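Please open the model in your viewer with side chains switched on, and keep a selection panel at hand. The tour below moves from one selection to the next and says what is to be found at each stop.

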Amino acid sequence: MSLRLSTVILPYRRWNEGGRSAWVRAEQLGFHTAYTYDHLSWRSFRDGPWFGAVPTLTAAAAATERLRLGTLVTSPNFRHPVTLAKELISLDDISGGRVTLGIGAGGTGFDATALGQEPWTPRERADRLAEFVPLLDRLLTEDAVSYEGRFYSAHEARNIPGCVQRPRLPFAVAATGPRGLRLAARHGQAWVTTGDPKLYETGTPEQSVEALRGQLEKLSEACATAGRDVAELDKVLLTGFTPDRGRPLESLDAFVDFAGHHQELGFTEIVVHWPIPDSDFAADEKVFERIAMDALAQLT
């Protein structure tokens, strides 16, 4: 499978003050997918503007024609499968079947406490995701669903007519642990990683590549246990969280070198952050656009 290049556009700008233009430009530049974060607020952006993921993606669907759209990632921190399914079916319809749901266990950031609850432990987050994903799968593929679980319930939840994409819109499951990888193997059309967070501060790019190699091997094992060919899953790397940080966006050659190494590992999609001045995602916009337009031609 040839490598795909995608971007993630953070929802920090008003739609008519630069928000819309970024999504339109992403389509013009030829990105495969433009994702956004599904958070209530996020890190250094907490005290500034931040808009909801689903309304933003709905507006982006109306402003574009070919670009795929998605979340990186949605989590159970403030979502419920029943209400989320209804929103996703609506978004998939409005976009004409261009939506991918990135989904993961979530973290301990602002989303974890915004509804008044105590932050869940890693095990509690994994427990919820293990129930959330299969139920959401059912809600997006069945006309009516009833379910009583430990964390979530559905009582005759109706989702007619279902997704434009059949049997449902694709799931891109973010996971590095064994339970999450099993979910990716069973329910995912793609698998997402940001690398090994323990290497971000003091690790090297070479150590990161080896860590990613190990994650891919574990994904292969999970797929084998599930009776599934790992080649069926797209392997997505969300950049910006490995020891390389922003260096791959410093020049076209730097990006081609970075992407080539990860393509050799088996990744099928590289996701880069849309440049944001004065942030961890700052980058030269001209270089960024050149990467978008020219990098893949050097990697085929």
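Which residues does D38 touch, not counting residues up to four places away in sequence? The model is a predicted one, and a first selection of D38 together with A53, T71, V73, T74, F78, R79 and D111 shows the residues that it touches beyond that range. D38 lies in the loop between β2 (33-36) and α2 (53-63), and with a relative accessibility of 2% it counts as buried. Add L10 to the view: although D38 and L10 are 28 residues apart along the chain, their C-alpha atoms are separated by 9.2 Å.

Stay in the loop between β2 and α2 and select R43, which is also placed there. R43 is exposed, with a relative accessible area of 53%, and has a positive phi of about 45° although it is not a glycine. A comparable selection is E156 in strand β6, where phi is again positive, near 50°, in a residue other than glycine; at 46% relative accessibility, E156 counts as partly exposed. Most residues other than glycine have a negative phi, and most peptide bonds are trans.

For the peptide bonds, go next to L72 and V73, which are joined by a cis bond with omega about -10°; V73 is found in strand β3 (residues 68-74). The bond from R166 to P167 is cis as well, with omega near 5°, and P167 is found in the loop between β6 (153-158) and β7.

Now select helix α3 (residues 81-95) and helix α4 (residues 122-141), which pack at an angle of about 45° with their axes 9 Å apart. The two helices are therefore oblique to each other, and α3 passes α4 in a right-handed crossing. To see the contact itself, show P81, V82, L84, A85, L88 and I89 of α3 with F132, L135, L136, L139 and L140 of α4; by class, this contact has 11 nonpolar residues and no polar or charged ones.

Keep α4 and add helix α5 (residues 178-187). How do α4 and α5 lie relative to each other? With an angle of about 10° between them and their axes 10 Å apart, α4 and α5 are therefore roughly parallel. The contact is made by R123, A126, D127, L129, A130, V133, P134 and D137 of α4 and by R179, L183 and H187 of α5, and its classes are 6 nonpolar, 1 polar and 4 charged residues. Within α4, pick out D127, which is buried with a relative accessible area of 16% and, leaving aside its neighbours within four places in sequence, is in contact with R150, F151 and R179. On α5, the buried residues are G180, L181, L183, A184, A185 and H187, and these pack against α4, β7 (171-174), β8 (190-193) and α6 (205-225).

The last stop is the nonpolar interior. Of the 67 residues in the largest nonpolar core, F31, L136, L140, W191, F255 and I270 touch the most other members, while α4 gives the most to this core, with 7 residues. A second, separate core of 19 residues includes Y35, L72, A172 and A190. Finish by centring on F255, which touches L5, P248, L249, I270, V272, I291 and A295, not counting residues up to four places away in sequence.

Technical notes. Residues numbered from 1 in each chain as written. Predicted model: local features only at pLDDT ≥ 70, side-chain atom pairs only at ≥ 80, totals over all residues. Heavy atoms only, no water. Axes fitted to C-alpha atoms, helices over the stretch in contact; angles between N-to-C directions. Helix = DSSP H or I, 4+ residues; strand = E, 2+ residues; numbered from the N terminus. Parallel < 35°, antiparallel > 145°, perpendicular 65-115°, else oblique. Left-handed = near helix turned anticlockwise from the far one by under 90°. Contact = heavy atoms within 4.5 Å. Nonpolar A, V, L, I, M, F, W, Y, C, P; charged D, E, K, R; others polar. Core = buried A, V, L, I, M, F, W, Y, C linked by side-chain atoms within 4.5 Å. Buried < 20%, exposed > 50% of the residue type's maximum accessible area, 1.4 Å probe, protein only.
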